[in-house]
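Student: I'd like a close look at a single part of this model, please. Could you walk me through it step by step?

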Amino acid sequence: MAMFENLSKRLEGIFNNLGGQGRLTEEDVNAALREVRLALIEADVNLKVARQFVDRVKEKAIGADVMGSLSPAQQVLSIVNEELVEVLGGENGNNKLDLGGTPPQIIMLVGLQGSGKTTSAAKLANYLRKQGQRPLMVAADMYRPAAVNQLKSLGRQLSIPVYSEPMGADPVDICVNSLDFAREQACSVVILDTAGRLNIDERMMNEVINIRQRVRPREILLVADAMTGQEAVRVADDFNKAVSLTGMILTKMDGDARGGAALSIRTVTGVPVKFMGVGEKTDALEPFYPDRLASRILG
Ligand code: GDP
């Protein structure tokens, strides 16, 4: 189990001290799970979520037979890994977008300023085009004037159309009008880049609530910066309460972030991570695979 080398070593140490063999005793498991909890917290998992997770594992681990070929440490790791994958969305994850039905289907992106929302709109458009879709991007972020130009420039770069209106237009109208444009241009999927603020405020929330009511997006994806850890959990919870998120794009996973935020967000909101942003370029987007993130979190 080279992939969990760090945690693996720590657990081997514990079991060597305790000398537990044959069957995992409660003492062995408790000592091991203390290390697991620490590893989760180091990976930026929220304290409460780490505790909850460890409790789940504990029930499964106590009294488990130690398989002949596995050391007790490996046995605990294997239960931890299995459980982590399960909590993150199961073996194959839940990373499919629901884009069936009469086109154009609408994907609304929401999130705070700087989270990578505009970049993710372009990455997602590029990704979906490779899957045979005809995407349209919509510049509905009227708070950050540069966002509209940024999206237009990404559109030019990718040769993907961008719908925009002059500064000062109403974001709800922009989104509604963009649908006519999408039909005219025979676009199959419309990606709405909505307003981001530095912090959640009422005006921004009302705006995304209004857009949602008017255009009824099939997917509402939160774009969240993995580097912001605990903050991302609160943001996800607030957006989820306001607009019922269908998924999340976790950005900046190419950085140092271990991705514990994904576990916290998933546990607190139940919202599945669907994609990960892994760089600044427009092809740096990957579907989310729970097993890969589990390895990364366990370090
Ligand atoms: P917005 O304010 O949410 O629309 O954020 P932007 O899309 O403008 O992104 C903010 C910054 O984060 C930009 O410099 C992006 O290049 C960068 N960024 C976005 N996604 C990623 C990612 O997955 N990895 C890295 N390293 N940078 C990213």
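Student: In what sense do strand S1 and strand S5 (residues 219-225) pair, and over how many bridges?

Tutor: Happy to take you through it, keeping in mind that this is a predicted model. S1 and S5 run in the parallel sense where they pair, and four bridges link them. To place one residue there, Leu109 of S1 stands opposite Leu221 in S5.

S5 can be set beside another partner of S1: strand S4 (residues 189-194) also pairs with S1 in the parallel sense, over five bridges. Here you can follow Ile107, whose bridge partner in S4 is Ile191.

Now for the surroundings of S1 itself, which spans residues 105-110. Six of its six residues are buried, so the strand is largely enclosed by the rest of the structure. The cut-off behind that word is a relative accessible area under 20%. If you split the strand by face, Gln105, Ile107 and Leu109 lie on one side, while Ile106, Met108 and Val110 lie on the other, and all of them are buried. Both faces of S1 are therefore covered. Ile107 and Leu109, the two residues we used to trace the pairing, belong to one side of the strand.

For a buried residue in a helix, take a look at Glu83 in helix H4 (residues 72-88). Glu83 has a relative accessible area of 3%, so it counts as buried. Its side chain makes a polar contact with the side chain of Arg56, at 2.6 Å. Leaving aside neighbours within four places in sequence, Glu83 is in contact with Phe53, Arg56, Val57 and Lys60.

How values were computed. Residues numbered from 1 in each chain as written. Predicted model: local features only at pLDDT ≥ 70, side-chain atom pairs only at ≥ 80, totals over all residues. Heavy atoms only, no water. Buried < 20%, exposed > 50% of the residue type's maximum accessible area, 1.4 Å probe, protein only. Polar contact = N/O pair within 3.5 Å; in protein donor to acceptor, adjacent residues only side chain to side chain. Contact = heavy atoms within 4.5 Å. Pairing = 2+ DSSP bridges.
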